[in-house]
Amino acid sequence: MLTVHHLGKSQSERIVWLCEELQVPYELRCYTRDARTILAPAEYKALHPIGAAPVITDGELVLAESGAVIEYICAKHGGGRLRPGPDDPSFAPFLYWFHFANGTLQAAMGRLMILNRLNLPDDNPMLLAMRGRVDRAFAAVEARCGESDYLTGPVLTTADIMTLFSLTTMRYFLPYDLAPYPNIRAYLSRIAARPAYQRAMEKGDPGMALLLS
């Protein structure tokens, strides 16, 4: 049985959403962050040597890393849905945005979050450089969202599922104003209207205000 181990307010929300979009059978086990440290509890860290979300189990398999988990579920349980094939004209853009999510956007936001907690002066070169990197990443998403309904084209793919966390829930950890990004806000409205996304967030993070604007 496929089991999604979901840590509240974490990248594992991607996996819950994926399963809902694919409508594959899965068991959801939810874990709450430590109230003092805001980190994963010991029982979650024990699931996998890396100790971070997401983690799935499928029989004897234990698998971590968002991209790997999404690829595995799509191939093993989803019949390859939610991703274009290599002969599709959108294949290269799909690969770009799928890997942009954690390779550029989420990575830059994570580094900036840490730098912000160091109470560095506003003119610190490293801080300024990382703010610039985050701004450029958001600008790239803004431009793309002005070209099509979803990142790869007119239909949702796993590139969108990979990217959304950084645009929404990650902003609990790194506040970021979306007012200058009308295309991103329109994109988030389209996502918010999807029944599978609504089900996923209600199951995984019930009561959490969704940062969709």
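Is Gln23 buried, partly exposed or exposed? At 65% relative accessibility, Gln23 counts as exposed. The model shown here is predicted, and the legends below walk through it one close-up at a time.

**View 1. Gln23 sits in the loop between H1 and S2.**
This residue comes just after H1. Its phi is near 55°, a positive value in a residue that is not glycine. Let us step back from this loop into the helix before it. Ten of the ten residues of H1 are buried, so H1 is largely enclosed by the rest of the structure. Among the buried residues of H1 are Trp17, Leu18 and Cys19, and the charged-letter names Glu13, Arg14, Glu20 and Glu21 are on the list too.

**View 2. Asn119 is another residue with a positive phi.**
Here we look at the loop between H4 and H5, where Asn119 lies. Asn119 has a phi of about 55° although it is not a glycine. With a relative accessible area of 69%, Asn119 is exposed.

**View 3. The largest nonpolar core has 60 residues.**
Good places to start looking are the residues with the most contacts inside this core: Trp17, Ile73, Phe138, Val141, Ile184 and Tyr187. Two or more residues come from each of strand S1 (2-7) and helices H1 (13-22), H3 (66-76), H4 (91-116), H5 (125-145), H6 (158-167), H7 (182-192) and H8 (195-204). Helix H4 gives the most, with eleven residues.

**View 4. Phe138 and the residues that it touches.**
Leaving aside residues up to four places away in sequence, Phe138 touches Leu105, Met109, Ser166, Leu167, Tyr176, Leu178, Tyr181 and Ile184. Phe138 and Ile184 both appear among the residues with the most contacts inside the largest core.

**View 5. A second, separate core has seven residues.**
Leu7, Tyr31, Ala40 and Val55 are included in this core. Tyr31 is a helpful landmark, found in strand S2 (residues 27-31). Tyr31 has a relative accessible area of 13%, so it is buried. Not counting residues up to four places away in sequence, Tyr31 touches His5, His6, Leu7, Gly8, Pro41, Glu43, Tyr44 and Leu47. With one of these, His5, there is also a polar contact between the two side chains, at 2.8 Å. The C-alpha atoms of Tyr31 and Lys9 are separated by 9.9 Å, and these two residues are 22 residues apart along the chain.

**View 6. Four strands form an open sheet.**
Reading across the sheet, the order is S2-S1-S3-S4, and the pairing is mixed. Strands S2 and S4 (61-64) are the edges, each pairing on one side only. On average, neighbouring strands are turned by 20° against each other, direction ignored. Strand S3 (residues 55-58) and S4 run antiparallel and are joined by four bridges. Look for Val55 standing opposite Ala64 in S4. Helix H3 lies across S1, S3 and S4, and runs at about 130° to S4.

**View 7. A cis peptide bond leads from Ala53 to Pro54.**
Omega is near 5° for this bond. Pro54 belongs to the loop between helix H2 (42-45) and S3.

**View 8. Tyr96, Trp97 and Phe100 are linked into a cluster by ring pairs.**
The whole structure holds ten aromatic pairs. One of them joins Tyr96 and Trp97, edge-to-face, at 4.9 Å centre to centre and with 85° between the planes. What is the burial of each partner? Tyr96 counts as partly exposed, at 46% relative accessibility, whereas Trp97 counts as buried, at 7%.

**View 9. Tyr150 and Tyr187 form an edge-to-face pair.**
Their ring centres are 6.4 Å apart and their planes lie at 70°, so the pair is edge-to-face. This pair links distant parts of the chain, with Tyr150 in the loop between H5 and H6 and Tyr187 in helix H7, 37 residues apart. Tyr150 counts as buried at 9% relative accessibility. Tyr187 is buried too, with a relative accessible area of 0%.

Notes. Residues numbered from 1 in each chain as written. Predicted model: local features only at pLDDT ≥ 70, side-chain atom pairs only at ≥ 80, totals over all residues. Heavy atoms only, no water. Core = buried A, V, L, I, M, F, W, Y, C linked by side-chain atoms within 4.5 Å. Buried < 20%, exposed > 50% of the residue type's maximum accessible area, 1.4 Å probe, protein only. Contact = heavy atoms within 4.5 Å. Polar contact = N/O pair within 3.5 Å; in protein donor to acceptor, adjacent residues only side chain to side chain. Pairing = 2+ DSSP bridges. Axes fitted to C-alpha atoms, helices over the stretch in contact; angles between N-to-C directions. Phe/Tyr/Trp six-rings, centres within 6.5 Å; stacked < 30°, edge-to-face > 60°.
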